[in-house]
Amino acid sequence: MLSTRIAGIGMYVPEQVFTNDDLKEYMETSDEWIQERTGIQQRRYAHRTEETTTTMGVEAAKIAIERAGTTAADIDFIIFATLSPDYYFPGCGVLLQRAMKMKEIGALDIRNQCSGFVYAISVADQFIKTGMYKNILVVGSEKHSFGLDFSTRGRNISVIFGDGAGAVVLQPAQKEGQGILSTHLHSDGESAELLAMYNPGTHANHWVKDKLADFPDAPIADMFMSHEMIDKAQNFPYMDGPSVFKKAIVKFPEVVMEALAKNNLSTTDLSMLIPHQANLRISQFVQQKLGLGDHQVHNNIQKFGNTTAASVPIALCEAWEEGKIKEGDLVCLAAFGSGYTWASALIRW
Ligand code: ACO
C-alpha cells in the first residue's frame with residue numbers, strides 16, 4: 001500500500017494584530033492575567049468585511065499548492081476543517097472550490113474543532129493509501145473574531161482565540177518509509193457541553209439544562225434564534241476551562257504515546273511535536289509529562305492565540321519555514337478539543 005506525504009504546506013494570518021493591551025479597550029482584562037494563564041501575547045483578527053474563513057483558507061492553500069509543485073487544477077479532493085464557517089451551511093469546502101476555480105471535485109467539511117485538522121489528515125491519508133486520490137488539499141481555517149463576546153462577560157474565552165489558516169497538499173510518498181506512519185482518532189462525548197456553542201442549534205433546551213445542571217451560567221436559549229438570545233448573549237461559546245485543562249493534559253500525552261508505540265518508537269526518536277495551540281500551559285505540561293526538550297516542541301500561541309482547526313497547520317508550517325523540520329525527521333501532530341475529541345498523526349518527513 002502507498003503511504004502519504006505532506007508535499008506542500010502554507011499558512012495565512014491576517015495583518016491586524018491585537019495585543020493583550022488592545023483588548024483592554026473592550027473588556028476588563030490585563031496582559032498579566034492573559035500571559036500567566038495562557039502564554040498569549042497577541043493574536044490576529046481578520047478584516048471585518050474583506051476576509052472570511054474561506055478567503056483565509058484560500059490564501060494558505062495557494063502557498064501549499066505552489067510548494068507542492070502542483071496547481072489548483074490538479075487537486076482531486078478538498079477537506080476543510082473549521083468551527084467558524086462562512087455559512088451555517090453549505091460548508092467552506094465548496095466555497096474554496098469555487099474561489100480557486102477547481103474542477104467539480106469532492107469537497108468535505110470536518111467539524112471537529114481543535115482536532116479537526118488532524119482528523120482531516122487521517123481521512124485524506126486513507127484516500128491516498130487506497131489510490132483513490134493523488135492530490136488532496138487539507139485546510140484548517142478560523143475566523144473566531146466574529147463569534148466571540150468581547151465584553152467583560154466573555155473575557156475568559158475571547159482573549160484565547162485568534163484568526164488564521166493553514167493548509168497542506170497530500171500526495172503519495174516517493175520513498176519507502178516516508179510519510180504518514182499512522183493516525184489515531186478518539187472521542188468521548190460525555191462532556192460535549194463543557195466546551196461548546198449551543199446556539200443557534202436544534203437542541204432541546206431542557207435536555208442541555210439537565211446536562212449542565214452544575215453550570216448555571218451556561219448560555220442556553222429556548223429557540224433556534226431569537227432577539228432574547230442575542231440580548232442575553234446566548235449566541236457565544238461556553239467553556240468550563242478547568243475541565244478542559246484536566247482532560248487535555250491526560251489525553252494529549254496519551255495519544256502521542258499511542259502513535260509512538262504503534263510504530264515501535266519512543267519520545268527520544270521524536271524530532272518535533274506540533275501540539276494544537278490550546279494554551280501554552282497545556283503544551284508545557286504535555287512537554288514535561290513526555291520528557292521532551294524545548295527543541296522537540298514547537299509553540300506559537302504567544303503570537304497567534306488559539307486558532308482551533310488552523311493551529312496545527314500554522315504551527316507546522318512555521319516550524320518547517322524556520323528549518324526546524326527536515327527530511328527524515330519524525331514529526332508528531334497532536335490535538336485535543338471540544339467534543340471531547342483528540343487525535344495524533346505520526347509522520348516521517
Ligand atoms: N482577564 C482578567 N480576568 C479574567 C479573565 C480575563 N480575560 N477571564 C476571567 N477572569 C477572571 C474571572 O472573572 C475570575 O474572577 P473572580 O475570581 O473574581 O471570579 C478569575 O479571573 C478566574 O476565572 P476562571 O474562569 O476561574 O479562570 P481560570 O483561572 O480557570 O483560567 C483558563 C481560565 C485560562 C481558561 C483556564 O481555565 C485554563 O487554562 N483552561 C484550559 C482550557 C483552555 O485553555 N482552553 C483553550 C481553548 S479549548 C482548546 O483549545 C482545547
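Mentor: Two strands count as paired if DSSP finds at least two bridges between them, and the strands themselves are DSSP runs of E with at least two residues, whereas helices are runs of H or I with at least four, both numbered from the N terminus. The model is predicted, so local features need pLDDT of at least 70 and side-chain atom pairs count only at pLDDT 80 or more, while totals for chains, interfaces and linings use all residues. Residues are numbered from 1 along each chain as its sequence is written, and side-chain values use heavy atoms, with hydrogens and water left out.

Trainee: What is the order of the strands in the open sheet of 5 strands?
Mentor: The pairing in this sheet is mixed, and its edge strands, β1 and β5, each pair on one side only. Neighbouring strands are turned by 20 degrees against each other on average, direction ignored, where the axes are lines fitted to C-alpha atoms (for helices over the stretch in contact) and angles run from 0 to 180 degrees between N-to-C directions. Read across the sheet, the order is β1-β7-β6-β4-β5.

Trainee: In which sense do β6 and strand β7 pair?
Mentor: In general, the strands of a sheet pair through backbone hydrogen bonds, either parallel or antiparallel. Between β6 and β7 (residues 164–172) there are 7 bridges, and the bridge partner of Ile136 in β7 is Leu170. The sense in which β6 and β7 pair is antiparallel.

Trainee: Which residue of β6 stands opposite Ile79?
Mentor: β4 and β6 pair over 5 bridges in the parallel sense. On its other pairing, β4 is joined to strand β5 (residues 106–110) by 5 bridges, again in parallel, and there the partner of Phe80 is Asp109. Opposite Ile79, in β6, stands Val138.

Trainee: How many residues of strand β4 are buried?
Mentor: A residue is called buried under 20% relative accessible area, exposed over 50% and partly exposed in between, with a 1.4 Å probe and protein chains only. From β4 (residues 77–81), Phe77, Ile79 and Ala81 point one way and Ile78 and Phe80 the other, and all are buried. The strand is therefore largely enclosed by the rest of the structure, with a buried count of 5 of 5.

Trainee: Which residues point one way from β6, and which the other way?
Mentor: Strand β6 (residues 136–142) is mostly covered, since 7 of its 7 residues are buried. One way point Ile136, Val138, Gly140 and Glu142, and the other way point Leu137, Val139 and Ser141.

Trainee: What is the relative accessible area of Gly10?
Mentor: Gly10 is found in strand β1 (residues 4–12). Gly10 is buried, and its relative accessible area is 0%.

Trainee: With which side chain does the side chain of Thr54 make a polar contact?
Mentor: Thr54 has its place in helix α3 (residues 53–67) and is buried, with a relative accessible area of 4%. A polar contact is a pair of N or O atoms within 3.5 Å; within protein, one must be able to donate a hydrogen and the other to accept it, and residues adjacent in sequence count only if both atoms are side-chain atoms. At 3.0 Å, the partner side chain is that of Asp86.

Trainee: Which element supplies the largest share of the shell around the ligand?
Mentor: The ligand is surrounded by 23 residues, the closest being Thr29, Arg155, His276, Asn279 and Asn306, where near means that a heavy atom of the residue lies within 4 Å. At least two shell residues each come from α2 (31–38), α6 (155–158), α9 (241–262) and β12 (330–337). The largest share, 4 residues, is that of α9.

Trainee: How much of the ligand's accessible area does the protein cover?
Mentor: A polar side-chain atom of Thr29 lies 2.6 Å from a nitrogen atom of the ligand, while polar side-chain atoms of Arg37 and His276 lie 3.2 Å and 2.9 Å, respectively, from an oxygen atom of the ligand. On its own the ligand has 1000 Å² of accessible area (Shrake-Rupley method, 1.4 Å probe; for residues, only the protein chains shown count as cover), and the share covered by the protein is 71%.

Trainee: Which strands stand at the edges of the open sheet of 4 strands?
Mentor: This sheet has mixed pairing and the order β8-β13-β12-β11. Each edge strand has a single partner strand, so one side of each is left without a neighbour in the sheet, and these strands are β8 (179–187) and β11 (272–275).
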